[in-house]
Amino acid sequence: MNHFFTLLRHEIRALLISPATYIATVLFLGLMGFIFQGLLVSFVRESRETSPAVDFFSLFWLPVFFLSPLLTMRSLAEERRLGTLETLMTTSVSSPEVVLSKFFAAYGFYLTLWLSTLSFHWVLFEFAENPKLIDPGPLIGGYVFVALSGLMFIAAGIFSSALTRSQLVAGLLTLAMSFVFTLGFRYLDDFTIFQSEADSLRSVIIDHVQIFQHAEDFVSGVIDTRAPVLYLSMTGILLFMAMLALDARSVRT
Amino acid sequence: MTTNGTTIEVENLYKRFGRVEAVNNISFEVRRGEIIGFLGPNGAGKSTTMRILTGYVPATKGVVRICGHSVAGEPAQVKRRLGYMPENNPLPEDLRVREYLRWRGRLKEIHGRHLRERVETVLEQCDLNRSRNRIIGKLSKGYRQRVGVADAILAEPEVIIMDEPTIGLDPHQILMIRDLIASLRGRMSVIISSHILPEIEMTCDRVIIINQGRIVASGTPSQLRKEFLLRTSYDLEVKGDIREVQMALASLTPKQQIEHSLDRPDKDGFYGVTVQLRSDRHYGEDILSAVNANPRLRIRAVRRREASLEEVFLAATRRSWEIVSPMSEPVPTVRRREAAERVEIPAPALAPEPQAIQPDRTP
């Protein structure tokens, strides 16, 4: 791990000097602000039991769908396409160092973007003067959920990017994987074969991969260890496969 | 391990991509401080061989040792001793030259003051001082190429491998890179591949010609010339009857060939004549006295012309195409004879000398 921090610094610098970073930031904050404002308007129209944070985090999947491909599709695919991967891998860096530095740079940026949405809640807190609207519980739970699930989504993006030299393919693959992880598993849950036998292994597994359910649980303060285990193990598997894909160079893509 | 002697050892290297044999039983050695030129037509396996040497692509079979360390077994040791510039010289577009070199230096485990000194030195050596703060994506091809070379020599590696370092450069830039490579002679082992043959000839101590994944020739340019095209050409400018010229020269050696380069004499009545002699002896004096012996002939100029590496290259690769028959079975003598005949590019009429028909180094 000698070169990890050299590589990470390089990745972060690349992020900071790239215009795409700032465009993604503006888009993300614009969209999230728009959603938040819409939420507040609906709160004004009819009063609800829950705080705005609960509804805010129930829409977590929307930015995931466009952020995780955008942040990761460039990382390894672009290096492969330009050929800089060859100059990189012929120095004494290892593939885990390369994959992890790309992963942590993208994940750090993902987290920074999400944390900047804290300002929405701060604005609300400052001006609403209604303590009922600000409930720290759902906020903390929501951000913990976003941080944990983000690990998996970003790892899926890094893995897709390691497979191909085309950014477009990498991005689409990430989008498809995020789609399967979120909506796909929820769809499976609706199938009758998984409902008929409540205790069968199949239905237990399907029960455990309900990401929307996790989001709800975290926001309402139920932190079940099974969810972090799922996200961390998926992240580990995906990153490991990305390292393997990076090492498999004899078959040239 | 890193004592004098060989720095690169390649033994029976094979690389297969699916059903294609990209590298087929290549073996060679490079001594410390030697500059080796890798030649071969496109798709001959040059880049693949170089990639295997760097450890970027694993070999299907065979052993590569860099400074005594096996590429497959101790990749980290090998990578520390290696400077590599890949084909097309990939560089990140959005960094500045100095930033890029500093980053590469850190990856190559140079730190602190030494790093600063090394970066300054290579910027100086590669004449990049004035563009040190420019963004790489905005540099012209020649500058980018120099950045690639600067990166390859940055960590003062014992072995430098450059895949077509002068491709797409203008003559001034080629000269600069050639001088730079020549300045590494004696200190580092360098392998360069190139299509520009005169350049290889000028820079390299030894040439290895590869075709279809095999080594078809290796040695110094003059050795290769002897092996593949044992002949020297003389360009004469003679006034008089061409047939008389032929008769006068017939006495020199039985095996020769005469061509006119000009069908009609120039305004002073001189013909351009090219004589090819199958020997590497100097014949200038003999030619002069033979022509002068005939009072009706007048000679104005004699120029000796050695076969260029280009001709050697064409001959060597053509011969290997003939020899690598579909089944790579032992080639019958008659075929080899034909093959050797075709070696004579402009001289189809000549019978080849027996020693010129050396079989290829096929396994």
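I will go through the domains of chain B, one contact between them, and a sheet.

This is a predicted model, where local features need pLDDT of at least 70, side-chain atom pairs count only at pLDDT 80 or more, and totals for chains, interfaces and linings use all residues. Residues are numbered from 1 along each chain as its sequence is written, and chains are lettered from A and ligands numbered from 1 in the order in which they are written.

Domains to begin with. Chain B is assigned domain 1 (6-226), domain 2 (232-306) and domain 3 (309-356); the bounds come from an automatic or database domain assignment. In the contact between domain 1 and domain 3 of chain B, 15 residues come from domain 1 and 10 residues from domain 3. Contact here is C-beta atoms, placed from the backbone, within 7 Å.

On the domain 1 side, helix 7 (197-203) of chain B gives the largest share, 4 residues. Strand 9 (206-211), strand 10 (214-219) and helix 8 (221-228) of chain B each supply at least two. Helices (H or I, at least four residues) and strands (E, at least two) are DSSP runs, numbered from the N terminus.

Now the sheet. Six strands of chain B form an open sheet in the order 6-7-8-3-9-10, with mixed pairing; pairing needs at least two DSSP bridges between two strands. Strand 6 (82-85) and strand 10 of chain B are the edges. Strand 9 and strand 10 of chain B run antiparallel, joined by 5 bridges. One bridge pairs Asn211(B) with Arg214(B).

Key
Contact = placed C-beta atoms within 7 Å.
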